[in-house]
Structure formats: structure tokens, C-alpha cells
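Ready for a few exercises on charged side chains and overall shape? Have a look at the model below, try each task yourself, and then compare your steps with the worked solution.

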Amino acid sequence: MQQSNTYIIVFTLIMTIFFGSVLSFTRMKLDPIQKKQIEIDTKKKILGAAMDVSSLNPDEILSAYNDKMNSVVVDINGEIAKKSDGSDFTAEDINIMKNFKMKPSERKYPVFMFSSTGEKTEYYIFPMHGNGLWDWISGFVALDNELNRIVGVAFDHKQETPGLGARITSDEIQNRYKGKQIFDDDNLLVSVKMLKAEKNNNLTIHQVDGMSGATITANGLNSMLMHYFECYKPFIEKNKKEFKKILSYNE
């Protein structure tokens, strides 16, 4: 039976409103769950740069983060960044991906400080963002309290080649960075460079083995690390001086 145009239009409107309402309700219900999952995943990566989190469940991750982590947000000069009303920024609210699209001088830079006892800072963790082969790569890099030696990294990517560039998320690759140093003997920032070849002999304290078949991803990692260490350098240098003062006082 042929329906009138009015019937078809009314039916379409009703279905559109009905399914639109269902989708809106579903999104409203799922949104808090998705945000919670993003929070857990982010805090797991931050903690993962400083400690082993493989055996922790979500509640334990949040608890460990609250107990062991402090944070600040600094500007390109290494000074504490302030909002227009004079209040502090919250490090966890800074979107590194959006910041990456801004000029370095206009960005806000979160710094996460890890303490196993909740007292003296043991590690400084710096979030980073860059470009890989197909899309973005990111990372959290933890430095010791002398702000030179890498104690751990947690790299991530959106879309890198499985078995090649995607290896940056593996323990095999990330463990290569442990113990490497970002400053040379003359206190010049040189970062840590992933070489083109894999299984090199006589690596320096500033080099790690490469990933076969993933040169572009490796170059992206190198650029990301150097760029963000340069951006964080004013903060690093100020806190290195403070650390030396503490050492001198304790002696």
C-alpha cells in the first residue's frame, strides 16, 4: 500500500527523534565511564615510567598515583604557569596533544614528580608528543633526581606498523632507555638517540639500538625527545641547581 508523503515525513521525523534520543542517552551514560578509563590509562602510563605497574588493577593504579605523585605546570621559561586569575593549572588537565600544535613559547608543560614514600622527589616525569610514521607518537620519560639519567619511559602511538614501529610500546624497546643520560660531560643537552641499525656495538651513554625496518618511527622518537627536553631545559637546569644546593648542605 502506497503511503502519503506526509506519512513518510512524519515517520522519518519520529524515528530520527527516537534514535537520536537513544544515542544521546547512551552517550550520556557511557561518557563518565570513558573518561574514567582515560584517566586510569593516562595515570598508568605516568606511573609506568617510574615503576612497574603490570600487576596493578585500576583501583590500585589510582591509589598509587595519589600516594606517590605530585605535579606542577610550568611555562617555557621553567616558571610555574598561572591562569589569568592567578590560580595554578592542574597538570592532569593539560592536553599534550593539543599543546603540541601550539608554539613552544605558548604551551603549558606538566611535570610529574614521583616519590615512593610521598616525601622527597625521586623521579621527574616529562610528558611528550611527536610525529611517527603514520600518526602521532607520545611518551612519558622519567629522569632521576639529578635530572640527567633516564630511569624509565612509557611510549605510545596511534598507528605504527605492527612488528616494526609499533615496537616502541614493548618492554624490549623501552628498557633500552634505562640508564641513558641526556646531558654530556660538558653539561650540554644531547638527549638520547635511537640509531638506525639494531644490535650495535659500543653504544654510548646517549645512544640506544634501533628498530629494524622502522627508521621513520625512530627518527620521530629522536625528534620528540630532543624537542621536549629542550622545552623543559629551563625547568631542568633550575632544579639541578637546587639539587646541588641540597647535596652541598647535606655534606
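## Exercise 1: a lysine under cover

Lys43 has a relative accessibility of 12% and therefore counts as buried (buried is under 20% relative accessible area, exposed over 50%, partly exposed in between, with a 1.4 Å probe and protein chains only). Before going on, note that the model is predicted: local features need pLDDT of at least 70, side-chain atom pairs count only at pLDDT 80 or more, and totals for chains, interfaces and linings use all residues. Residues are numbered from 1 along each chain as its sequence is written, and side-chain values use heavy atoms, with hydrogens and water left out.

**Task.** Place Lys43 in its element and find what it is in contact with, leaving aside neighbours within four places in sequence.

**Solution.**
- Step 1: Lys43 belongs to helix α1 (helices are DSSP runs of H or I with at least four residues, strands are E runs of at least two, and both are numbered from the N terminus).
- Step 2: With those neighbours set aside, the contacts of Lys43 are Ile61, Leu62, Tyr65, Asn66 and Glu92 (contact means heavy atoms within 4.5 Å).

## Exercise 2: three salt bridges

**Task.** Work out where the partners Lys45 and Asp41, Lys238 and Glu79, and Lys82 and Asp88 sit, and whether they are buried or exposed.

**Solution.**
- Step 1: Start from the principle that side chains of opposite charge can pair when their charged atoms come close. The rule used here asks for a side-chain nitrogen of Lys or Arg within 4 Å of a carboxyl oxygen of Asp or Glu, and it gives 13 salt bridges.
- Step 2: Lys45 and Asp41 form one of them, at 3.1 Å from N to O. Both lie in helix α1 (residues 5-48), and because they are 4 residues apart, about one helical turn separates them. Lys45 is partly exposed at 25%, and Asp41 is partly exposed at 35%.
- Step 3: In the salt bridge between Lys238 and Glu79, the closest N and O atoms are 2.3 Å apart. This pair links distant parts of the chain, 159 residues apart: Lys238 is in helix α5 (residues 215-250), while Glu79 is in the loop between β1 (69-74) and α3 (96-100). Lys238 is partly exposed at 33%, as is Glu79 at 42%.
- Step 4: Lys82 and Asp88 meet at 2.4 Å, N to O. Lys82 has 45% relative accessibility and is partly exposed; Asp88, at 44%, is partly exposed too.
- Step 5: Now look for shared partners: Arg167, Glu172, Arg176 and Glu198 are joined by salt bridges into one network.

## Exercise 3: the whole chain

**Task.** List the elements of the protein chain in order, then decide whether the chain is compact or spread out.

**Solution.**
- Step 1: Count 5 helices and 7 strands. From the N terminus, their order is α-α-β-α-β-β-β-β-α-β-β-α.
- Step 2: Compare the radius of gyration, 23 Å, with the 18 Å that the globule rule gives for 251 residues; the value is well over the rule, so the chain is more spread out than a compact globule. The radius is taken over C-alpha atoms, and the rule is 2.2 Å times the number of residues to the power 0.38.
- Step 3: Check the box filled by the C-alpha atoms: roughly 90 × 50 × 40 Å along the principal axes.
- Step 4: Finish with burial: 37% of the 251 residues count as buried.
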